[in-house]
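Biologist: Before any modelling starts, I would like a close look at one part of this prediction, with the surroundings added afterwards for context. Please take the strands of the second chain as the starting point and spell out each cut-off as it comes up.

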Amino acid sequence: MKREGSPLKGVGTIAIKEAADHMTSARMHLIMLLVLLTAAGSVWAAIGQIRVTTAEDPFLFLKLLTTARDPLPSFASFLGFLLPLVAIALGFDGINGEFGKRTMSRILAQPIYRDAVLFGKFLGGMLVLAIALLTLWLLMVGLGILMLGLPPSGADVGRGLAYLAVTLVYTGVWLALALAFSTVIKTPATSALAALSVWLVFSIFWSMITPFAASVISPLDPTNPMTLLSQYETQQALARISPSVLYGEISQMLLDPASRSVGPVFMSQLQGALVGAPLPTLQSILIIWPQISGLFAAMVLLFTGAYVVFQRQEVRA
Amino acid sequence: MSEPVIEAHGLVKRYGKSTVVDGVDLTLTEGEVLGLLGPNGAGKTTTILMLLGLTEPSAGEVRVLGRNPLREPLKVKSDVGYLPDAVGFYDTLTGRENLMFTARLGGFNPAEARTRIAAALDRVHLSAAADRRVGTYSRGMRQRLGLAELLMRETRVAILDEPTSGLDPQSTDELLGLIREFSADGMTVILSSHLLDVVQSICTRVALFNRGRVGFVGTVEALAQQVTDGAFHIDVAADGADVGALIGGLEDVNQVKPDGTGWHITAARDIRAELAKRIVEAGGALKNLDAHRVSLSEAYNLFFKEVSHEA
């Protein structure tokens with residue numbers, strides 16, 4: 001059935017209102033304060049560490065984001081762990097909250113398509129996340145320049161920006177997940193818990209589950225050494241279902257120019273390689289391109305799922 | 001007669017196996033106020049949502065201002081305003097900001113929207129509270145803000161679902177006054193309610209819903225006619241005369257029964273003149289002689305009694 005009018009009418013209005021709501025909400029302020037404190041803490045620790053050890057490292061700036069000093073983890077792993085929380089806080093009551101406030105039927109009675117509501121909510125969330133991430137990134141870079149007294153090189157900035165873009169996509173996955181739960185589940189508290197459970201499973205328990213599952217799927221045969229490899233590959237394939245693992249691999253590759261591979265490497269493949277020599281930025285991106293596509297696909301899939309459910313949902317809930 | 005504003009033919013809505021709306025036909029002309037009456041779960045709200053295109057009918061067809069709400073939803077929705085049951089606004093925004101948001105969704109330019117919003121708020125007497133957060137509004141104020149939204153958008157049709165539920169009598173009166181003004185301005189109004197006196201006081205026609213069907217559409221008088229066969233109800237009180245005996249010879253009297261202070265007579269025509277004459281001639285002192293057709297609530301009760309006997 002062909003319908004007149006653009007499904008995008010009103011998207012901008014809804015996105016901007018959504019973003020303004022997030023920017024002024026106490027929920028967002030609290031969680032960004034948490035992120036900011038942990039980020040500042042980890043970068044501060046990293047700066048201390050860099051000063052002590054590797055004053056001659058060629059990629060000093062990226063080290064800011066990846067160096068960990070006990071007991072603090074690195075900035076990159078902190079983000080991988082905390083950003084889903086930010087995204088969930090933004091999205092968990094996106095749709096069911098509107099029903100709860102009884103505003104949904106009134107909004108849908110305005111001359112816009114339903115498509116605009118969900119898409120506007122997603123875009124509004126992404127806008128807020130993009131602003132927050134950019135601010136965070138600039139703050140950390142600024143802190144680095146001040147404390148280390150070194151300007152970042154062009155390659156540093158390039159890799160940093162690529163990392164920023166991927167981080168946004170990674171956060172988008174969790175925003176889409178939270179919105180999907182808020183569409184399927186009627187009560188905000190339940191949808192928040194559901195999204196948080198998925199976050200816990202993927203960021204903490206997944207690394208415990210995968211070795212076990214892999215040993216069941218492809219068991220070791222003591223007489224055949226290749227089974228060792230196939231078990232490892234199974235485990236890695238399973239681990240990559242988790243967006244946190246994908247994001248971890250991407251940030252490792254982007255922020256450490258010396259790394260060459262995210263999978264097992266054979267001795268024969270290392271022949272002729274200059275170990276420790278940095279890769280060009282584009283080559284690094286090329287290696288983790290499948291991971292980036294995977295994250296993007298996950299975001300699109302989750303959003304589409306939410307979209308399909310939302311389009312078929314009855315207005316009177 | 002102008003072309004119908006809303007036309008619905010054979011609307012059916014099924015959820016799984018249960019049929020919520022089962023073959024509803026409605027026609028509305030411009031400036032009419034139609035009251036949808038019926039018990040909870042009779043299918044009123046579902047019918048409204050189908051008229052708006054917010055729910056897809058399982059069968060049947062709707063035309064709103066000559067357009068199909070499923071094919072041209074944006075045009076239909078810009079001409080039709082909907083005030084849902086217990087309307088919700090964003091509590092953290094002010095009344096004015098809430099209206100500004102819907103004005104932007106409707107695609108008005110900001111300057112025009114601002115003047116329209118100010119005028120609409122003024123008309124529903126919310127100017128003083130316009131810059132307060134909606135969270136502080138009373139229920140009546142929210143409903144009025146909902147009406148202001150329709151005014152601001154200048155819709156040609158207003159569909160109001162239970163607009164007066166949960167309001168105190170004064171707010172109800174205020175709201176009804178506003179709705180009356182809208183209809184005087186040529187707006188076509190559909191209103192659903194359980195409150196019969198509300199419906200009777202402002203609706204030109206009523207539609208009685210029962211189990212997903214429209215049992216009756218027409219004026220309140222026609223409804224009374226149908227359920228009571230057009231009978232007159234006459235209350236008589238007289239001292240010193242036995243009305244029960246006096247009435248014996250009169251034609252077209254269906255029923256006479258004493259009701260405490262006097263008598264209640266049901267007759268097929270207005271027999272007051274003859275009755276008064278007889279009482280006076282018999283030397284009685286006539287204290288009360290009151291004829292009325294059934295009120296909407298009596299008719300409503302009679303209607304649903306009949307329907308449930310049939311079932």
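Which domains does the domain assignment of chain B give?

Modeller: The domain assignment of chain B gives domain 1, residues 6-218, and domain 2, residues 231-292; such bounds come from an automatic or database domain assignment. This is a predicted model, in which local features need pLDDT of at least 70 and side-chain atom pairs count only at pLDDT 80 or more, whereas totals for chains, interfaces and linings use all residues. Residues are numbered from 1 along each chain as its sequence is written, chains are lettered from A and ligands numbered from 1 in the order in which they are written, and side-chain values use heavy atoms, with hydrogens and water left out. Taken over C-alpha atoms, the centres of domain 1 and domain 2 of chain B are separated by 45 Å.

Within the residue range of domain 1, strand S6 of chain B (residues 157-161) is a good place to start, where helices (H or I, at least four residues) and strands (E, at least two) are DSSP runs numbered from the N terminus. Five of the five residues of S6(B) are buried, buried meaning under 20% relative accessible area, exposed over 50% and partly exposed in between, with a 1.4 Å probe and protein chains only. In a regular strand the side chains alternate between the two faces of the sheet. For S6(B), B:Val157, B:Ile159 and B:Asp161 lie on one side and B:Ala158 and B:Leu160 on the other, and both faces are covered.

Two partners of S6(B) can be described in turn, with two strands said to pair if DSSP finds at least two bridges between them. Strand S5 of chain B (residues 80-83) pairs with S6(B) in the parallel sense over four bridges, in which B:Gly81 has B:Ala158 as its bridge partner and B:Leu83 has B:Leu160. S5(B) is itself covered on both faces, with B:Val80 and B:Tyr82 buried on one side and B:Gly81 and B:Leu83 buried on the other. Strand S7 of chain B (residues 188-193) also runs parallel to S6(B), joined to it by five bridges, and here B:Leu160 has B:Leu191 as its bridge partner.

Ahead of S6(B) in the numbering comes helix H5 of chain B, residues 139-153, whose 15 residues should span 21 Å at 1.5 Å a residue, in agreement with the 22 Å between its end C-alpha atoms; the expected span is 1.5 Å times one less than the number of residues. H5(B) is mostly covered, 14 of its 15 residues being buried, and just after the helix B:Glu154 takes a positive phi of about 50°.

In the residue range of domain 2, strand S10 of chain B (residues 232-239) has seven of its eight residues buried, so it is largely enclosed by the rest of the structure. S10(B) pairs in the antiparallel sense with strand S12 of chain B (residues 263-267) over five bridges, B:Phe232 having B:Ala267 as its bridge partner. S10(B) is also joined by seven bridges to strand S13 of chain B (residues 285-292), again running antiparallel, with B:Asn288 as the bridge partner of B:Ala237.

Chain A, by contrast, has 14 helices and zero strands. The radius of gyration of chain A is 22 Å, close to the 20 Å that the globule rule gives for 317 residues, so it is as compact as a globular protein of that length; the radius is taken over C-alpha atoms, and the rule is 2.2 Å times the number of residues to the power 0.38. Of those 317 residues, 48% count as buried, and the C-alpha atoms fill a box of roughly 65 × 55 × 40 Å along the principal axes.

The two chains meet at helix H1 of chain A (residues 11-24), among whose buried residues are A:Val11, A:Ile14, A:Lys17 and A:His22. The buried residues of H1(A) pack against helices H2 (26-52), H4 (75-91) and H7 (114-148) of chain A together with helix H3 (95-105) of chain B, contact meaning heavy atoms within 4.5 Å. The 14 residues of H1(A) should span 20 Å, and its end C-alpha atoms are indeed 20 Å apart.

A last detail of chain A is A:Leu72, found in the loop between helix H3 (60-66) and H4 of that chain and partly exposed, with a relative accessible area of 30%. Leaving aside its neighbours within four places in sequence, A:Leu72 is in contact with A:Gly41, A:Ser42, A:Ala45 and A:Phe78.
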